[in-house]
Amino acid sequence: MITEYEKVKKDFLSGRIKNCRSYFENNKYYTEAGYCCIMLDNLDKAEKLFKQAKEYDIRADWGLFLLQLFNDNIKSFPTYFQIRNFLEIDLGLLLMYCKENYVGKLIKYADFMAYYNPECYKFIGRAFWAHNFLPVAMFFLKRAKDRFYSDPELHYLLAYIYYHKDKNIEECKKSLNTCLEILPEYAPAKNLYLLAANT
């Protein structure tokens, strides 16, 4: 049976934020309440909530780093795993809640974050792709290819977009060939290659 926490969290992750912040804060889910405050443009309150949670929740520490980016006042550095675990999800949330200003700040610091995790561009590209901002997604995915060429998933993502969105079969096959050179048994790429070959 779904708990009240899971229901409220699902609402928040689905864009239905009403009453989420008060529930999270009243029940001492300070990290979740902090994220609600970001979406409600109350960054000062978000900072206070993240600080309350940072001793026991590594995501709260990442939340504090996000606030530094949003305020153009970087005092700490992200870790490889923070970027891997949280960047794409949080960018997706900001896109869903139409927080263009915060999205712009994240993009502004993409090169900075890539220093700590070179897959950063791929994560950004995937988030934009998932929200159907394809030109921006392709920009970051191509940038990722320049920095992290040996990632088979990256070439598969490019191939998928070329096939399903651009209908560019030639570029799709090129990306799939590269993917399969890196990882010959990559099943999604093999399946997409069969589709492309019969198109």
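Q: Which helices do the buried residues of H4 pack against?
A: In this predicted model, the buried residues of H4 pack against four partners: helix H2 (20–26), helix H3 (30–39), helix H5 (58–70) and helix H7 (100–108).

Q: Which residues of H4 are buried?
A: H4 covers residues 43–53, and Leu43, Ala46, Leu49, Phe50 and Ala53 are buried there. They lie on the same side of H4, because they cover an arc of only 120 degrees around the axis.

Q: What is exposed on the other side of H4?
A: Asp44 and Lys48 are exposed there.

Q: Why would residues a few places apart end up pointing the same way?
A: An α-helix has 3.6 residues a turn, so residues three or four places apart point the same way.

Q: OK, over to H1. Which residues are buried there?
A: Tyr5, Val8, Asp11 and Phe12 are the buried residues of H1. Down the helix axis they fall within an arc of 125 degrees, so they line one face of H1.

Q: And what do they pack against?
A: The buried residues of H1 pack against H2, H3 and helix H6 (80–96).

Q: Take Val8. Is Val8 buried or exposed?
A: Val8 is in helix H1. Val8 counts as buried because its relative accessibility is 7%, and the cut-off for buried is under 20%.

Q: What does Val8 touch, beyond its neighbours within four places in sequence?
A: Val8 is in contact with Cys20, Tyr23 and Phe24, once those neighbours are left aside.

Q: How far apart are Val8 and Phe24?
A: In sequence they are 16 residues apart, and in space their C-alpha atoms are 8.2 Å apart.

Q: Now the nonpolar core. Which residues touch the most other members of the largest one?
A: Phe12 and Ile38 do, in a core of 69 residues.

Q: Which residues does Phe12 contact, again leaving aside neighbours within four places?
A: Phe12 is in contact with Ile17, Cys20, Phe24, Tyr35, Cys36, Met39, Leu93, Met96 and Tyr97. Cys20 and Phe24 are also among the contacts of Val8.

Q: Any general rule behind a core like that?
A: In soluble globular proteins, nonpolar side chains tend to be buried together.

Q: Different topic, backbone angles. What is phi for Asn19?
A: Phi of Asn19 is about 70 degrees, a positive value, although Asn19 is not a glycine. Asn19 lies in the loop between helix H1 (4–13) and H2. With a relative accessibility of 56%, Asn19 counts as exposed.

Q: What about Asp41?
A: Asp41 also has a positive phi, near 65 degrees, and is a residue other than glycine. Asp41 sits in the loop between H3 and H4. Its relative accessible area is 46%, so Asp41 is partly exposed.

Q: Where does Gly15 sit, and what is its phi?
A: Gly15 comes just after H1 and takes a positive phi of about 95 degrees.

Q: Back to side chains. Is Lys105 buried or exposed?
A: Lys105 is in helix H7 and counts as buried, at 16% relative accessibility. Leaving aside neighbours within four places in sequence, Lys105 is in contact with Leu69, Phe70 and Asp72.

Q: And Ser175, where is that?
A: Ser175 is in helix H12, which runs over residues 169–182. At 7% relative accessibility, Ser175 counts as buried. Outside its neighbours within four places in sequence, Ser175 is in contact with His155, Leu158, Ala159 and Tyr162.

Q: Zooming out: how many helices and strands does the protein have?
A: There are 13 helices and zero strands. The C-alpha trace spans about 55 × 40 × 30 Å along its principal axes.

Q: How much of the protein is buried?
A: Buried residues make up 47% of the 199 residues.

Q: How many contacts join residues that are well separated in sequence?
A: Among contacts with a separation of 6 or more, 52% are between residues 24 or more positions apart.

Q: What is on the surface?
A: The protein exposes about 10800 Å², and carbon and sulfur atoms supply 52% of that area.

Q: Last one, charges. How many positive and negative side chains are there?
A: There are 28 positive and 25 negative side chains. The centres of the two sets lie 3 Å apart.

Technical notes
Residues are numbered from 1 along each chain as its sequence is written. This is a predicted model: local features need pLDDT of at least 70, side-chain atom pairs count only at pLDDT 80 or more; totals for chains, interfaces and linings use all residues. Side-chain values use heavy atoms; hydrogens and water are left out. Helices (H or I, at least four residues) and strands (E, at least two) are DSSP runs, numbered from the N terminus. Buried means under 20% relative accessible area, exposed over 50%, partly exposed in between (1.4 Å probe, protein chains only). Contact means heavy atoms within 4.5 Å. Accessible areas come from the Shrake-Rupley method with a 1.4 Å probe; for residues, only the protein chains shown count as cover. Lys and Arg count as positive and Asp and Glu as negative; His and the chain ends are not counted. The place of a charge is taken as NZ of Lys, CZ of Arg, CG of Asp or CD of Glu. The arc is that of the directions from the helix axis to the C-beta atoms. A nonpolar core is a set of buried Ala, Val, Leu, Ile, Met, Phe, Trp, Tyr and Cys residues joined through side-chain atoms within 4.5 Å.
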